[in-house]
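These are my notebook entries on a single protein chain. I set out to record how its strands are arranged, what packs against them, and where a few chosen residues lie.

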Amino acid sequence: MKRFAVLVNGPGELWGWGRPVVKVLKDAGNLVDVLLLPCQYASGSETRLAARLGADRVVPSASLARELVFGKERPDAVLQLGGDLLYGRLLARRWGSPLFSYSYGPKKGLGACRGIFTACEAMAVPIRKASCGKPVEVVGNLVADAMILDRGGSPWEKNGTPRVVLFPGSRPAIRKRALPFMREFLESAGRRLPQAQWRVLLSPFCDPDEAKEWEGAGFKVSRAGTGIVLQGADVALTQPGTNTLELLHARVPSIVAVPEAFLAEAPSPFLLGPLFAMPGLGPFFKRKAFQRYLGKKGFLAWPNRLAGKEVFPEITGRVSPALLAGRFATYAGDLRWLEETRIALGRIDGGPAGAAARLRERIMEVLS
């Protein structure tokens with residue numbers, strides 16, 4: 001039996017990566033401490049959700065500094081799932097424990113890791129360039145494992161197509177801004193797709209009472225897990241994030257939208273926060289920074305970044321609810337586009353589930 005310190009940041013990493021990793025480690029009889037890292041994308045519900053993973057101990061981000069200095073539980077291994085490797089390096093150095101990293105992209109500090117893991121070869125290439133000569137192993141995408149853990153009944157009725165999933169995001173401020181926008185979107189899109197079934201898939205990080213607000217706005221809300229809902233879905237409207245990988249694995253064609261009106265609520269990098277918060281000029285600078293990011297990165301959605309081309313259409317800028325509804329309805333009603341997109345997703349998927357077990361076995365081999 002080993003003790004693992006699993007460091008996780010952000011809603012997507014906690015629920016999509018941490019959940020299956022903690023399970024396979026516990027299934028093998030290990031002790032697991034989950035340490036939550038500070039994250040600009042945090043929803044505020046991370047500690048509550050982390051308590052559901054089955055770990056032996058959860059350290060909230062507010063207590064992380066104290067844990068790094070005064071913690072008494074020596075881990076046999078430190079596994080960091082996302083976030084700045086500074087935290088994992090500090091903890092591993094204090095206890096003399098080996099550090100392992102699972103990441104979707106390159107980051108500083110990889111040279112300090114005993115093992116570096118990622119989801120697919122397209123992600124491994126840039127990580128290898130930044131890993132100081134350390135090998136990078138492809139173990140598969142943890143998101144596929146997480147979707148298998150989802151529970152609940154199917155929300156879909158037998159009649160009515162297309163079956164549309166709407167993802168309003170995991171951050172409360174963006175969901176609050178999205179609700180009136182999406183109400184207008186639904187009115188307009190519903191006229192264009194009169195036979196469609198519409199389901200809002202609220203993040204597990206949402207306040208349980210928030211579903212009532214969406215239902216009051218005319219939406220049908222699903223409380224089932226993402227993996228369950230996507231089994232019967234035909235198409236989705238979503239935002240960038242881990243959910244685009246869930247849609248990839250489920251082979252659900254999707255449109256990714258970032259209306260300019262939502263940018264004010266999007267998290268800002270720590271150093272740029274004061275600039276973007278300036279009255280008057282702040283939103284202008286934030287919009288310019290977002291445009292520059294798009295020009296540098298090319299794509300927002302993970303399937304597009306992995307394929308190197310637009311598989312999921314990305315709609316950004318000054319987009320009204322009616323305009324978005326029109327473009328969405330065009331894609332959702334195009335049977336040929338839907339089928340071609342499903343085929344394209346199958347070509348770029350990171351492979352079958354089982355990444356968490358493969359990750360565990362490789363770490364145990366190093367520790368043996």
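**Entry 1. The sheet.** I began with an open sheet of seven parallel strands, whose order I noted as S3-S2-S1-S4-S5-S6-S7. At its edges I found S3 and strand S7 (136-138), each of which pairs on one side only. Ignoring direction, I recorded an average turn of 20° between neighbouring strands of this sheet. I note here that the model is a predicted one.

**Entry 2. The whole protein.** I then looked up the overall totals. The protein contains 16 helices and 13 strands. It has 368 residues, of which 53% count as buried. I also looked at contacts between residues with a separation of 6 or more: 65% of these link residues 24 or more positions apart.

**Entry 3. Strands S1, S2 and S3.** How many bridges join strand S1 to S2? I counted six between S1 (residues 3-8) and S2, and the two strands run parallel. Within this pairing, Ala5 has Asp33 of S2 as its bridge partner. S2 spans residues 31-36 and is mostly covered, with five of its six residues buried. S2 also pairs with strand S3 (residues 57-59), again in the parallel sense, over three bridges. There I found Leu35 opposite Val59 of S3.

I next followed the chain from S1 to S2. Helix H1 (residues 10-27) completes a right-handed β-α-β unit with S1 and S2. H1 lies across S1, S2, S4 and S5, and its direction is at about 170° to that of S2. I also looked up helix H5 (residues 121-129), which packs on the sheet and touches strand S6 (115-118) and S7. The direction of H5 makes about 175° with that of S7.

**Entry 4. Strand S4.** Why is S4 described as largely enclosed by the rest of the structure? I recorded that five of its five residues are buried, and therefore the description applies. I then asked which way its residues point. In a regular strand, side chains alternate between the two faces of the sheet. In S4, Ala77, Leu79 and Leu81 point one way, while Val78 and Gln80 point the other way, and all are buried.

S4 has partners that I looked up in turn. S1 is joined to S4 by five bridges, and the two run parallel; here Val8 is bridged to Leu81 of S4. Strand S4 (residues 77-81) is also joined to strand S5 (residues 99-102), in parallel, by four bridges. In that pairing Leu81 has Tyr102 of S5 as its bridge partner, and Val78 stands opposite Leu99. S4, H4 and S5 make a right-handed β-α-β unit.

**Entry 5. A cavity.** I counted three cavities of 30 Å³ or more. I chose the second largest, which holds about 50 Å³ of space. Which residues line the second largest cavity? I listed Ala5, Asp33, Leu35, Arg57, Glu67, Glu73, Pro75, Leu91 and Trp95. S2 and helix H4 (85-95) each supply at least two residues of this lining. Ala5 and Asp33, which I had met as bridge partners, are thus noted again here as lining residues.

**Entry 6. Three single residues.** I first looked up Thr242, in the loop between strand S11 (235-238) and helix H10 (243-250). Is Thr242 buried or exposed? Buried means under 20% relative accessible area. Thr242 has 18% relative accessibility, and so it counts as buried. Not counting residues up to four places away in sequence, Thr242 touches Gly12 and Val143.

The second residue was Ala130, in the loop between H5 and S7. Ala130 counts as partly exposed because its relative accessible area is 31%. Its C-alpha atom is separated by 7.6 Å from that of Lys108, 22 residues apart along the chain. With neighbours within four places in sequence left aside, Ala130 is in contact with Pro106, Lys107 and Leu110.

The third residue was Arg192, in helix H7 (residues 172-192). Arg192 has a relative accessibility of 43% and so counts as partly exposed. From Arg192 to Gly333 I recorded 9.1 Å, C-alpha to C-alpha, although the two are 141 residues apart in sequence. Leaving aside neighbours within four places in sequence, I found Arg192 in contact with Ala322, Ala325, Gly326 and Ala329.

Key:
Residues are numbered from 1 along each chain as its sequence is written. This is a predicted model: local features need pLDDT of at least 70, side-chain atom pairs count only at pLDDT 80 or more; totals for chains, interfaces and linings use all residues. Side-chain values use heavy atoms; hydrogens and water are left out. Buried means under 20% relative accessible area, exposed over 50%, partly exposed in between (1.4 Å probe, protein chains only). Two strands pair if DSSP finds at least two bridges between them. A crossover is right-handed if, with the strands pointing away from the viewer, the path from the first strand over the helix to the second runs clockwise. Axes are lines fitted to C-alpha atoms, for helices over the stretch in contact, and angles run from 0 to 180 degrees between N-to-C directions. Contact means heavy atoms within 4.5 Å. On a 1 Å grid over the protein atoms alone, a cavity is a set of points where a 1.4 Å probe fits but cannot get out, and a pocket is an open set with protein on both sides within 12 Å along at least five of seven lines; lining residues have an atom within 4 Å of a point. Grid points are joined across faces, edges and corners, and a volume is the space filled by probe spheres set on the points.
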